[in-house]
Amino acid sequence: MKPGLPRLAVRAVILHHDRLLLVNAWPAAADGTRPDLWCAPGGGAEVGQSLPDTLRREIHEETGLTIEVGAPALVNEFHDPARDFHQVDIYFHATIADGALRPD
């Protein structure tokens, strides 16, 4: 089997009032076999869209927030050949430009 190209994704590192914004990207399985998956918000890059534009779109879809995208902060690779999963995440510093977080 020939492996496919890695999936490229972007994520935002948003610190707000000394707290890191995370989203529940994959809620726990009802039968208890899989826990929640909390991660920095973001998502897959689309052909023809810049990485900052992709990140702004994904953050707005997931949180309703409008962000300013800053400099790259981290590149992380997930690779599991047994599951044919390969993803490269590029994390960017970001700040909230418009919108509000719940005060939880």
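## Terms and basis of the model

Two strands are taken to pair if DSSP finds at least two bridges between them, and the elements themselves are DSSP runs numbered from the N terminus, with helices being H or I runs of at least four residues and strands being E runs of at least two. The structure is a predicted model, in which local features need pLDDT of at least 70 and side-chain atom pairs count only at pLDDT 80 or more, while totals for chains, interfaces and linings use all residues. Residues are numbered from 1 along each chain as its sequence is written, and side-chain values use heavy atoms, with hydrogens and water left out.

## Overall architecture

The protein has one helix and seven strands, and from the N terminus on these elements follow the order β-β-β-β-β-α-β-β. Along its principal axes, the C-alpha trace spans about 45 × 40 × 20 Å.

Of the 104 residues in the protein, 26% are buried, where buried means under 20% relative accessible area, exposed means over 50%, and partly exposed lies in between (1.4 Å probe, protein chains only). Among the contacts (heavy atoms within 4.5 Å) with a separation of 6 or more, 51% are between residues 24 or more positions apart.

## Strand β1 and its partners

Strand β1 is joined to β7 by eight bridges, and these two strands run parallel; within this pairing, the bridge partner of A12 is F92 in β7. With β5, strand β1 pairs in the antiparallel sense over three bridges, and here V10 has G43 of β5 as its bridge partner.

A further antiparallel pairing, of two bridges, links β1 to strand β2 (residues 19-20), with L15 bridged to L20 in β2. The hairpin of β1 and β2 has two residues between the strands, and in this hairpin H17 takes a positive phi near 50°. L20, which lies in strand β2, counts as partly exposed because its relative accessibility is 47%. Leaving aside neighbours within four places in sequence, L20 is in contact with V13, I14 and L15, whereas H79, 59 residues from L20 in sequence, is 25 Å from L20 in space, C-alpha to C-alpha.

## Helix α1

Helix α1 (residues 51-63) has 13 residues and, at 1.5 Å a residue, should span 18 Å, which agrees with its end C-alpha atoms being 18 Å apart; the expected span is defined as 1.5 Å times one less than the number of residues in the helix. At the N-terminal end of α1, S50 acts as a cap, with a side-chain oxygen 3.1 Å from the backbone nitrogen of D53. Just after the helix, G64 takes a positive phi of about 80°.

The buried residues in α1 are T54, L55, R57, E58 and I59. What covers the buried residues of the helix includes β1 (7-16), β5 (42-44), β6 (66-80) and β7 (85-98).

## R11 and the second largest pocket

The second largest pocket holds about 420 Å³ of space. It is lined by 17 residues, of which R11, A25, L37, C39 and Q87 are the closest to its centre, and the elements that give two or more residues to this lining are β3 (23-26), β4 (37-39), β6 and β7. A pocket is found on a 1 Å grid over the protein atoms alone, as an open set of points where a 1.4 Å probe fits, with protein on both sides within 12 Å along at least five of seven lines, and lining residues have an atom within 4 Å of a point. Grid points are joined across faces, edges and corners, and the volume is the space filled by probe spheres set on the points.

R11 is found in strand β1 and counts as buried because its relative accessibility is 11%. The side chain of R11 reaches the backbone oxygen of A40 at 3.1 Å. Not counting neighbours within four places in sequence, the residues in contact with R11 include C39, A40, P41, L55, Q87 and F92.

## A94 in strand β7

A94 is a residue of strand β7, and at 9% relative accessibility A94 counts as buried. When residues up to four places away in sequence are not counted, A94 touches A12, V13, I14, I67, E68 and G70. A94 and H16 are 78 residues apart in sequence, and their C-alpha atoms are 10.0 Å apart in space.

Note on methods
Polar contact = N/O pair within 3.5 Å; in protein donor to acceptor, adjacent residues only side chain to side chain.
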